[in-house]
Structures are given as structure tokens and as C-alpha cells.
Amino acid sequence: MSRAFLVVMDSVGIGGATDADQFFNGDVPDTGANTLAHITQACAEGHAEEGRSGALKLPNLDALGLGAATRFASGAETPGLDATPTGFWATAEEHSKGKDTPSGHWELAGLPVPWEWSFFPNNRPTFPEDLVQEITAIGGIEGILGNCHASGTQIIDEMGALHMQTGFPICYTSVDSVFQVAAHEHSFGLGRLLEFCEAIAPVLHARKIGRVIARPFVGDETTGFTRTGNRRDYAITPPEPVLTNWVQDAGRRVYGVGKIGDIFSMQGIDEMRKGSDAELMRHLNDLVETAEDGSLTFANFVEFDSLYGHRRDVSGYARALEWFDAEIGALLPKLRDGDLLLITADHGNDPTWVGTDHTRERVPVLCHGFGTGDAGLVNFADVAATVAAHLDVAGQGPGRSFR
């Protein structure tokens, strides 16, 4: 019986979204953003030399079709990625009206978001007073800090010491449909932070805010503050079954690697494995070795996005891509006959673009296990339908298998 490994390279977009002019970083539309192509160009021009050097080297992903998919998506040049594909590839376009994690992942799992997310305005204060009163009452706290759009790393640098003095959690947002809460793991308490976020999540979900995110950190004013790996997302539960449900309902086992369980509120997930991207890669390798016939492993590698895209760190993003490529190269020989490895992304986050937020882009679809060829332009939901068909599981929703 076949197995499937669906791997999301968080934010590795390839440009070309037809509606990019409707999405913005500040006042600048995302038209022309292209995460992968712009990184390849920066590397070739010698502008990504920190911790690495020269043209971007992704031989394994390129052989699967990454360069070809990027050129097809946008027509952009991809110096260093010019292999003739030996895998099966496609380019996918999203239809949900968002460029965030839930929108991308839900649609990849077969469910385009059936509503428009709510967002907080970029004012200061940004949260409505009635919302602040409600969450402080729920949490038994006297006030909050932040109350603005902010970078998560910058705001703990600015307000970490005051947070430790007052005990007020730091609450902030971005252009995504999120309400983020940062608090010190020791002075505030990790358990208390998670309980607070879980308690206020229904209030935010009722307003169609997609996620409440707990952002714990450690450190002090002298040594500096650092976010930990104990992040937790409290997302709206998908209103209809998605790929993980389809597979689980067919009596198969579903593994979530990374933040998949959080994104889908554990719907259809039998076992979760978390950690840094390096730890997640070890989990993925282990599951390639041990996962049962007929199972689905759904993984997200977030650090492209969280560590490098939002921080507009081109060299760091390039290093992460080269690391990932080498790891995939080592993993491919371990796959069994009949296995499908499908690598894709959920949105873009062009580190050469203005602002600090996601970019609206098409994404690559790279398949090992389907032979050689391509499907051209497909829809995000077709990914779920294709995985379901490979596993011989009944799919739902608008997606159609491209194999």
C-alpha cells in the first residue's frame, strides 16, 4: 500500500500570482514579488555571502523541477537552477483571499477558506477597547502592552523588561489575521501564557481572526530576550473535513510534523512531532523509515519564513534552502517503491521585498514518485486531491488530481 509525505517549505513562493496587485506590504502591492527567483538572483550577484557563497545550490530540488516551476510561474530568471527535471512538477495558485498560514494550508489540504479573514488596522492602539477589556477579564490581568502591529523579535526587545516589571502580556499583530501574545516563560509562566491564549482564542475566532499565537521568550534586559521553541498556535477549526480527516476516516494513520497540528486544530492528526527545523527533519527521516503503509505524513518547515523571510535576511534564507536541499537529497533514497514525496509551499515571503510580511505568490509542487513530467498550472486544492488519489482515499472539495 502506498504512503504519502506532504512537505511544506513555509513561504518558498515562486512569484506570478495573478491577483498579487490586491495584496500589499504597506502601500506597495505584491506585484513582482518572487521569493525564490529573487534569492537566486541575489546569490548570483554576490549579495548573499553571509555564511555561504556564490550561486544558489539546490541540485536535488532543481532536479525535481524547482527551477522549471519558477520560470513557468513567473517567467523570471533563476540563475543556478537550470536542470532538466527528472521529477514531476507543477505550479500551484491559491484562491483563498489571504496570504497567511491557515489560508495556504487549508487550501493545500482541500478546503479553500470559505470566508474573508478579519484583520486589525495598523493604528496605535490597534485593538478595539471592548476586545481589550474582554481578554483582560478572561485572563485575570490588569492590562496589556504593545497593542500594535509589530515584529515579534523587535517588540520583545522593546518591551520585554517592562513586561517583566508589570506582568502585562505583550499583545501585537501583523497584516495577517493573527493576535499574538508574547510573555516570559519564567516571570509570567509558560503554562499561564498557554492557558491565557487558549482561553481568549474563541473570542478572537468569533471575530474571524484566524489564529491566536503564544510567543514565549526567555532572557533579561542585560543579556537580551530570545523567543523559545514553545510557540503554540490556536487556530480556527476548519469548518469542513480536510485531507487529514479524509485519510484518518479511511482508517489510515496521519502524522503531523511541525505546526500542522496547530494549523488544523488537531483535526485528523493521530500523532504530532515538533521541534526546530533540524529536529523536524530528523522526525521526517524517522517517519520515512517507520510510517505504516497507507499513512500520510504532513510536515511544515517554518524557519524559511520565521527566521529569514520576515527578517528580510537573504543570506539566511539561501542557507536554509541549501540545507533543506541537502537533507532532501539524503532522504530520497530511503523512500520505498510506491511512496509519494510532494514538496510545496503555502505563500511567499520575499526577503528582497519591501516591508516584513508575506507576499502573494504561486508555489512550486515537486513530486518524487510520479516519474518525470509536469502538470503546468494547478490549484492549491489539487494537491490534496492528488495525495488522496495516491493513497486511494476518497477526496472532497473542489480539488482534482493532476495525476
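Where in helix 6 is the kink centred? In this predicted model, helix 6, which spans residues 152-166, bends by about 55°, and the kink is centred on Met159. Met159 is itself among the buried residues of this helix, together with Gly152, Ile155, Ile156, Gly160, Ala161 and His163. The buried residues of helix 6 pack against several strands, namely strand 5 (145-149), strand 6 (170-173), strand 7 (178-184), strand 8 (211-220) and strand 9 (224-227), and also against helix 7 (185-206). Just after helix 6, the backbone of Gly167 adopts a positive phi of about 80°.

A second helix pair was examined for its packing geometry. Helix 1 (residues 35-44) and helix 12 (residues 314-331) pack with their axes 10 Å apart and at an angle of about 105°, which means that helix 1 is roughly perpendicular to helix 12. On the side of helix 1, the contact is made by Thr35, Leu36, Ile39, Ala42 and Cys43, whereas helix 12 contributes Val314, Tyr317, Ala318 and Leu321. The residues of this contact comprise eight nonpolar and one polar, with no charged residue.

Tyr317 of helix 12, a participant in the contact with helix 1, also appears in the surroundings of Gly309. Gly309 lies in helix 11 (residues 303-309) and counts as buried because its relative accessibility is 0%, where the cut-off for burial is under 20%. When neighbours within four places in sequence are left aside, Gly309 is in contact with Phe304, Tyr317, Asn349 and Pro351. The C-alpha atom of Gly309 is separated by 7.9 Å from that of Asp357, although these two residues are 48 residues apart along the chain.

The nonpolar interior was then considered. The largest nonpolar core contains 85 residues, of which Leu243, Phe324 and Ile343 touch the most other members. Helix 12 gives the most to this core, with eight residues. For Ile343, when residues up to four places away in sequence are not counted, the residues touched are Val7, Met9, Leu61, Leu64, Phe324, Ile328, Pro364, Val365 and Leu366; Phe324, listed here, is thus one of the residues that, with Leu243 and Ile343, touch the most other members of the core. Another core, of 24 residues, lies apart from the largest one and includes Leu131, Phe196, Ile209 and Ala214.

Conventions: Residues numbered from 1 in each chain as written. Predicted model: local features only at pLDDT ≥ 70, side-chain atom pairs only at ≥ 80, totals over all residues. Heavy atoms only, no water. Bend = angle between axes of the 7 residues up to and from the residue. Helix = DSSP H or I, 4+ residues; strand = E, 2+ residues; numbered from the N terminus. Buried < 20%, exposed > 50% of the residue type's maximum accessible area, 1.4 Å probe, protein only. Contact = heavy atoms within 4.5 Å. Axes fitted to C-alpha atoms, helices over the stretch in contact; angles between N-to-C directions. Parallel < 35°, antiparallel > 145°, perpendicular 65-115°, else oblique. Nonpolar A, V, L, I, M, F, W, Y, C, P; charged D, E, K, R; others polar. Core = buried A, V, L, I, M, F, W, Y, C linked by side-chain atoms within 4.5 Å.
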